[in-house]
Amino acid sequence: MVKSKWVVLGVIIGVIFLATIWSIGNGLTSVGRVRESAQGYADEALPAILAGWNADELIARSAFELKKNVPAEETRRIIGDLKARLGAFKSVEKAQMGDFEMPGQSKSGPYMVAPFVANATFEKGQAVVEMKLVRQEGKWKIGNFFVREPSASANR
């Protein structure tokens, strides 16, 4: 009888151990899928916006908060100024993802932020594109979008 109690206890501990390992593995897989979806969205969004300096593409992909803080006409003006300074789009490197942030909740529920940085080449020179993607309600949107010329960064 004593041996069977130890066997049952061993089986219970083994099941708990396996369930814990499975949960951790499943969580890591979920994080990997979210990272992949953010990377895919960034890789698709950057060329779509930069090719032709498409302000309407940026507006369509913008989170509510960005649209609220930077109205469509202001976005079009900023994109027009960037086009005049940098010229036509030539290429963009694969965006490098920073660490996820989980700042909390917005009016629409919990959200996460994925920051990206990419080097881009234009007719008149290089620039660094910084973009923060916001995931709300299962969809990625652009929360921030900056194009910084290297000379502008050096003067800060």
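The following exchange concerns the core, the largest pocket and a hairpin of a predicted model.

Biologist: On what basis are the values given?

Modeller: Residues are numbered from 1 along each chain as its sequence is written, and side-chain values use heavy atoms, without hydrogens and water. In this predicted model, local features need pLDDT of at least 70, side-chain atom pairs count only at pLDDT 80 or more, and totals for chains, interfaces and linings use all residues.

Biologist: Which helix gives the most to the largest nonpolar core?

Modeller: A nonpolar core is a set of buried Ala, Val, Leu, Ile, Met, Phe, Trp, Tyr and Cys residues joined through side-chain atoms within 4.5 Å, buried being under 20% relative accessible area with a 1.4 Å probe, protein chains only. The largest has 31 residues, with Trp53, Phe116 and Leu133 among those with the most contacts inside it. Helices (DSSP H or I, at least four residues) and strands (E, at least two) are numbered from the N terminus. The element that gives the most, with eight residues, is H1.

Biologist: In S6, what is the bridge partner of Leu133?

Modeller: S5 and S6 form a hairpin with two residues between them. Strands pair if DSSP finds at least two bridges between them; S5 and S6 pair in the antiparallel sense over nine bridges. In S6, the partner of Leu133 is Ile142.

Biologist: Which residue in the turn of the S5 and S6 hairpin has a positive phi?

Modeller: The turn belongs to the hairpin of S5 and S6, which has two residues between the strands. The phi in question is about 55°, and the residue is Glu137.

Methods
Buried < 20%, exposed > 50% of the residue type's maximum accessible area, 1.4 Å probe, protein only.
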